[in-house]
Amino acid sequence: MATTTQQLVAADVMTRRLVTLNPDTDVFKAVDMLVKYKISGAPVVDEEGRLLGMFTEKSCLEVLIDAAYEGLPTAKVAHFMGDPLDTIEETTSLLRMAQIFLNKKTRRLPVLREDKLVGQVSRRDLMRAASKMVKHSPDRESTLLYLSALTPMKDHPAV
């Protein structure tokens, strides 16, 4: 889904097959899923596919602390999930995603279409795409200049 200028966008680099959780999922099952699939977090969605939050490694640590100190008040993912503060659309540019990752502590960006989760871009997805683009370029310096020419002025970090 690259744009006419061949600029990479979220739809080109996002993971479409995601491990997702339901807010009523047992937290220990959710922890097992993160470990089993070797992922650092999973989106929590409702029955219609709307993003409700994120269950992450940090959420898992909160489960441990709550269980140890407070007696686990609930064992549902909904109690421990974090808010998805940053989301993107399928048309979000590679450079805009890189800026979000640099400016925020987030490790993943859920991709929404009409308020429904359709994919996710991780830092690693972005690094893989950028590496592939530069690697397949006959002239790396020209590729970097090309990238800078694609960035609209409003998206430049100095603006």
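**Exercise 1. Work out which elements the buried residues of H5 pack against.**

Start with the partners: the buried residues of H5 pack against helix H1 (10-13), strand E3 (88-89), strand E4 (108-113), strand E5 (116-122) and helix H6 (123-135). A quick word on ground rules: this is a predicted model, where local features need pLDDT of at least 70, side-chain atom pairs count only at pLDDT 80 or more, and totals for chains, interfaces and linings use all residues. Residues are numbered from 1 along each chain as its sequence is written, and side-chain values use heavy atoms, with hydrogens and water left out.

Now the residues themselves. H5 spans residues 94-103, and its buried members are Leu94, Met97, Gln99, Ile100 and Phe101. Buried here means under 20% relative accessible area, exposed means over 50%, and partly exposed is in between (1.4 Å probe, protein chains only). As for the labels, helices (H or I, at least four residues) and strands (E, at least two) are DSSP runs, numbered from the N terminus.

**Exercise 2. Find the residues with the most contacts inside the largest nonpolar core, and the element that gives the largest share of it.**

Step one is the term: a nonpolar core is a set of buried Ala, Val, Leu, Ile, Met, Phe, Trp, Tyr and Cys residues joined through side-chain atoms within 4.5 Å. The largest one has 15 residues, and Ala10, Ile88, Leu94, Met97, Leu109, Val111 and Val121 have the most contacts inside it.

Step two, the contributors: H1, H5, E4, E5 and H6 each give two or more residues to this core. H5 supplies the largest share, four residues. Apart from this core lies another, of twelve residues, with Ala30, Leu34, Val63 and Val77 among them.

Step three, zoom in on alanine 10. Leaving out residues up to four places away in sequence, alanine 10 touches Ile88, Glu89, Glu90, Thr92, Met97, Val111 and Val121; contact means heavy atoms within 4.5 Å.

**Exercise 3. Sort out in which sense E4 pairs with E3 and with E5, parallel or antiparallel.**

First, the criterion: two strands pair if DSSP finds at least two bridges between them. E3 and E4 run parallel over two bridges, and glutamate 89 stands opposite leucine 112 in E4. On the E5 side, E4 pairs in the antiparallel sense over six bridges. Leucine 112 turns up again there, opposite leucine 117 in E5.

Next, the turn: the E4-E5 hairpin has two residues between the strands, and glutamate 114 takes a positive phi near 55° in this hairpin.

Last, the surroundings. Five of the six residues of E4 are buried, so E4 is largely enclosed by the rest of the structure.

**Exercise 4. Describe how E1 and E2 pair, and what glycine 49 does in their turn.**

Strand E1 (residues 41-45) lines up with E2 in the antiparallel sense, over five bridges. One pair to look up: alanine 42 has phenylalanine 55 in E2 as its bridge partner. The two strands form a hairpin with five residues between them, and glycine 49 in the turn has a positive phi of about 90°. E2 is also largely enclosed by the rest of the structure, because five of its six residues are buried.

**Exercise 5. Compare the burial and contacts of threonine 56 and glutamate 57.**

Place them first: threonine 56 sits in strand E2 (residues 51-56), while glutamate 57 belongs to helix H3 (residues 57-70). Threonine 56 is buried, at 17% relative accessible area, whereas glutamate 57 counts as partly exposed, at 40%.

Now the contacts, again without residues up to four places away in sequence. Threonine 56 touches Leu34, Ser40, Gly41 and Arg108. Glutamate 57 touches Leu34, Ile39, Ser40 and Arg107. Serine 40 lies 17 residues from glutamate 57 along the chain, with 5.5 Å between their C-alpha atoms.

**Exercise 6. Decide whether methionine 127 is buried or exposed.**

Methionine 127 is in helix H6. Its relative accessible area is 55%, which means it is exposed. Methionine 127 and valine 13 are 114 residues apart in sequence, yet their C-alpha atoms are 9.8 Å apart in space.

**Exercise 7. Put together the overall tally for the protein.**

Count the elements: seven helices and five strands, in the order α-α-β-β-α-α-β-α-β-β-α-α along the sequence. Of the 159 residues, 40% count as buried. Take contacts between residues at least 6 apart in sequence, and 54% of them join residues at least 24 apart.
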